[in-house]
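Dear colleague,

I am handing over a structure for you to look through, with the sequence and the coordinates together. Please open it first, and then read my notes beside it.

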Amino acid sequence: MTPAPTRTYEQVRVGETLPDLAIPLTRTLIVATALASRDYQDVHHDPELARQRGAKDIFMNILTSNGLVDRYVTGWAGPAAVVTSIRIRLGAPNHPGDTMTLSGEVRARHDDGRVEIAVTGANGLGKHVTGTVTVRLPKEAVPR
C-alpha cells in the first residue's frame, strides 16, 4: 500500500476535521502491545488478576494508547510530517471486545509550520483518551 502524500502546512486549516479511525480492541492487540512496550503489569494480560484489582477485564496500557494516537495523526498528515509533541490523558479503559474510535480537529497553526490537533478516542464506556498532538508539516509538497 502506498502511503498518502504528506499534507503541506498551506493545505491545513483551523477547524478541519480528521476522518474517524475505528480500532477494534481485541484481546490480542491489548496483550501484544503491552508486551511489546515491556509493560508486564498483570492487568494488561491476566483477566482474573485484572478483576481482582477492580477492572472488568484486562485493559490497554498508556503506551499503546499513545502509539495509536500518533498513528492516527501521522496517517492523516503523511510520512514527512514530524511529530513534535503528544500530550494525552486517559479516561475510560479500553477493554477487549469494544472499539475505540479516534477523531480529531485542527485547533491551531503556527508560522513555523507546526499544526496542533485535538484528538479524542472514545469507546463504549466513554472517552478513553483525549489530548493534543503537534506536528510540523513541510511548507511545500514533498516528492513521492
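**What was found**

Arg 109 lies over the face of Tyr 9, at 4.0 Å from the ring centre. Lys 139 lies over the face of Tyr 9 as well, and its distance from the ring centre is 4.2 Å. Please keep in mind, here and below, that this is a predicted model. As for rings paired with other rings, the count of aromatic pairs comes to zero.

**The overall layout**

The secondary structure comes to three helices and five strands, and read from the N terminus the elements run β-α-α-α-β-β-β-β. The C-alpha atoms fill a box of roughly 55 × 25 × 20 Å when it is taken along the principal axes. Of the 144 residues in the protein, 38% are buried, and the protein exposes about 7800 Å², of which carbon and sulfur atoms supply 53%. If you take the contacts between residues at least 6 apart in sequence, 68% of them join residues at least 24 apart.

**Helix α3 and the core**

Helix α3 covers residues 62-77, and its length can be checked with a short calculation. Its 16 residues should span 22 Å at 1.5 Å a residue, and the end C-alpha atoms are 22 Å apart, so the expected span and the model agree. The buried residues of this helix are Thr 64, Ser 65, Leu 68, Val 69, Tyr 72, Val 73, Trp 76 and Ala 77, and the buried residues of α3 pack against β1, α1, β2, β3, β4 and β5. After α3 comes Gly 78, whose phi is positive, near 105°.

Is Ser 65, which belongs to this helix, buried or exposed? Ser 65 counts as buried because its relative accessibility is 1%, where the cut-off for buried is under 20%. Leaving out residues up to four places away in sequence, Ser 65 touches Met 60, Ile 88, Leu 90 and His 128.

The largest nonpolar core has 28 residues, and those with the most contacts inside it are Leu 102, Val 115, Ile 117, Val 119 and Leu 137. At least two residues of this core are supplied by each of β1, α3, β3, β4 and β5, and the largest share, six residues, comes from α3. Ile 117 has a long list of contacts once its neighbours within four places in sequence are set aside: Leu 18, Val 73, Trp 76, Gly 104, Glu 105, Val 106, Arg 107, Gly 131, Thr 132, Val 133 and Val 135.

**Residues in the strands**

Thr 134 lies in strand β5, and Thr 134 counts as buried because its relative accessibility is 4%. Beyond the residues up to four places away in sequence, Thr 134 touches Val 82, Val 83, Thr 84, Ser 85, Arg 87, Arg 114, Val 115 and Glu 116.

Pro 24 has its place in strand β1, and at 53% relative accessibility Pro 24 counts as exposed, the cut-off for exposed being over 50%. With residues up to four places away in sequence not counted, Pro 24 touches Leu 29, Asp 98 and Thr 99. How far apart in space are the C-alpha atoms of Pro 24 and Ile 117, which are 93 residues apart along the chain? These two C-alpha atoms are separated by 23 Å.

Arg 89 is placed in strand β2, and Arg 89 is exposed, with a relative accessible area of 64%. Apart from its neighbours within four places in sequence, Arg 89 is in contact with His 128, Val 129 and Thr 130. Arg 89 and Glu 105 are 16 residues apart in sequence, and from C-alpha to C-alpha they are 17 Å apart in space.

**A residue in a loop**

Arg 38 is found in the loop between α1 and α2. Its phi is near 60°, which is a positive value in a residue other than glycine. Arg 38 is exposed, with a relative accessible area of 68%.

With best wishes

Notes
Residues are numbered from 1 along each chain as its sequence is written. This is a predicted model: local features need pLDDT of at least 70, side-chain atom pairs count only at pLDDT 80 or more; totals for chains, interfaces and linings use all residues. Side-chain values use heavy atoms; hydrogens and water are left out. Helices (H or I, at least four residues) and strands (E, at least two) are DSSP runs, numbered from the N terminus. Buried means under 20% relative accessible area, exposed over 50%, partly exposed in between (1.4 Å probe, protein chains only). Contact means heavy atoms within 4.5 Å. A nonpolar core is a set of buried Ala, Val, Leu, Ile, Met, Phe, Trp, Tyr and Cys residues joined through side-chain atoms within 4.5 Å. Rings of Phe, Tyr and Trp (its six-membered ring) pair if their centres lie within 6.5 Å; planes under 30 degrees apart count as stacked, over 60 as edge-to-face and the rest as tilted. A charge sits over a ring if NZ of Lys or CZ of Arg is within 6 Å of the ring centre and within 35 degrees of the ring normal. Accessible areas come from the Shrake-Rupley method with a 1.4 Å probe; for residues, only the protein chains shown count as cover. The expected span of a helix is 1.5 Å times one less than its number of residues.
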